[in-house]
Structures are given as C-alpha cells and as structure tokens.
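User: Hey, could you walk me through this structure? I'd like to start with one odd spot in the loops and then move out to the fold.
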Amino acid sequence: MGKKVVNKGKEKYAELVLTEDATNLIKKGEQSNNVTYEIKTNNLEAPLKKGDIVGTLILKENNKKIKTINITVKNNIDKANFIDLYLHNFKDIISGEIDLK
C-alpha cells in the first residue's frame with residue numbers, strides 16, 4: 001500500500017498494508033459508479049508491532065461511505081537507541097536530506 005516515516009524507529013520507514021482486501025462488488029448489468037477512497041493515518045512512533053492499527057482506508061461510492069478497512073504495519077519495528085538515531089541523522093546529512101543551514 002505504501003510506506004510512512006516512523007519516528008524513533010530502528011527502520012526509517014514502515015510498510016503499510018490493509019488488514020483485508022479492498023473490494024467493491026457490482027451487481028451484474030449495473031455500471032460502476034464514482035468509487036473513490038480516503039486514507040487516514042496516524043503519526044507512527046516506534047515501537048510498532050505487526051497488526052497494530054495505524055490508520056483507516058475509507059471506500060466511498062458517490063461520496064457515500066461504503067466500507068472502512070484498517071491499515072496496519074507489515075513488520076515489527078523496534079525503538080531505536082541513541083546510536084541508531086545518530087546513524088540515521090548522519091546518513092541524512094551525508095545524502096543531503098537534512099539541510100544544515
């Protein structure tokens with residue numbers, strides 16, 4: 001589904017997955033209407049365990065909510081220690097992701 005930054009985690013990003021498949025059945029002979037989705041996620045703070053709910057995906061048809069699906073993390077993410085945080089920041093400075101101005 002995608003990745004999101006994890007604050008104070010050993011890994012910098014968490015891979016997000018749905019707890020179930022996002023499907024919408026249409027009756028035979030009917031046309032598919034305007035189906036959209038909305039994703040709401042929380043700020044991710046380590047530690048995270050596989051299965052922790054970190055947000056929701058809302059399926060909408062013609063702006064009417066038809067289904068809500070929970071979003072979770074794919075893998076466990078441990079809390080980073082001081083050395084891990086130092087290395088994350090050092091790598092960000094070297095790669096240019098953090099501007100020291």
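Analyst: Sure, let's start with P47, which is found in the loop between β4 and β5. Helices and strands here are DSSP runs numbered from the N terminus, with at least four residues of H or I for a helix and at least two of E for a strand.

User: What kind of peptide bond joins A46 and P47?
Analyst: A cis one, with omega at about 5°.

User: Before I read too much into that, where do the coordinates come from?
Analyst: This is a predicted model: local features need pLDDT of at least 70, side-chain atom pairs count only at pLDDT 80 or more, and totals for chains, interfaces and linings use all residues. Residues are numbered from 1 along each chain as its sequence is written, and side-chain values use heavy atoms, with hydrogens and water left out.

User: Fine. How many helices and strands does the chain have?
Analyst: There is 1 helix, and there are 6 strands. From the N terminus the elements run β-β-β-β-β-β-α.

User: And in what order do the 6 strands sit in the sheet?
Analyst: The order is β3-β5-β6-β2-β1-β4, in an open sheet with mixed pairing. At the edges are β3 (35–41) and β4 (44–45), each of which pairs on one side only. Two strands pair if DSSP finds at least two bridges between them.

User: Remind me what holds strands together in general?
Analyst: Strands of a sheet pair through backbone hydrogen bonds, either parallel or antiparallel.

User: Let's go across it, then. How many bridges do β3 and β5 share?
Analyst: 7, in the antiparallel sense, with β5 covering residues 53–61. As one example of a bridge, K40 is partnered by T56 in β5.

User: What about β5 to β6?
Analyst: Those two run antiparallel as well, joined by 8 bridges. L59 stands opposite K67 in β6.

User: And how many bridges link β6 with β2?
Analyst: 3, again antiparallel, with β6 spanning residues 64–73. V17 has T72 in β6 as its bridge partner.

User: That leaves β1 and β2. How do they run?
Analyst: Antiparallel, with 4 bridges between β1 (residues 2–7) and β2 (residues 13–18). K3 is bridged to E15 in β2. The two strands form a hairpin with 5 residues between them, and K8 in that turn has a positive phi of about 60°.

User: Which residue takes a positive phi in the hairpin of β5 and β6?
Analyst: N62, with phi near 55°, in a hairpin that has 2 residues between the strands. N63 also sits in the loop between β5 and β6, and N63 has a positive phi near 60° despite being a residue other than glycine.

User: Are N62 and N63 buried or exposed?
Analyst: N62 is partly exposed, with a relative accessible area of 48%. N63 counts as exposed at 69%. The cut-offs are under 20% relative accessible area for buried, over 50% for exposed and partly exposed in between, with a 1.4 Å probe and protein chains only.

User: Switching to the helix. What does H88 touch?
Analyst: H88 lies in helix α1 (residues 82–95). Leaving aside neighbours within four places in sequence, H88 is in contact (heavy atoms within 4.5 Å) with G9, K10, E11 and K12.

User: How far is H88 from Q31?
Analyst: 50 Å, C-alpha to C-alpha, with their positions 57 residues apart in sequence.

User: What's the radius of gyration of the chain?
Analyst: 18 Å, where a compact globule of 101 residues would have one near 13 Å. The radius is taken over C-alpha atoms, and the globule rule is 2.2 Å times the number of residues to the power 0.38. The C-alpha atoms fill a box of roughly 60 × 30 × 15 Å along the principal axes.

User: How much of the chain is buried?
Analyst: Buried residues make up 20% of the 101 residues. Among contacts with a separation of 6 or more, 58% come from residues 24 or more positions apart.

User: Last one: how many charged side chains are positive, and how many negative?
Analyst: 18 positive and 14 negative, and the centres of the two sets lie 3 Å apart. Lys and Arg count as positive and Asp and Glu as negative, while His and the chain ends are not counted. Each charge is placed at NZ of Lys, CZ of Arg, CG of Asp or CD of Glu.
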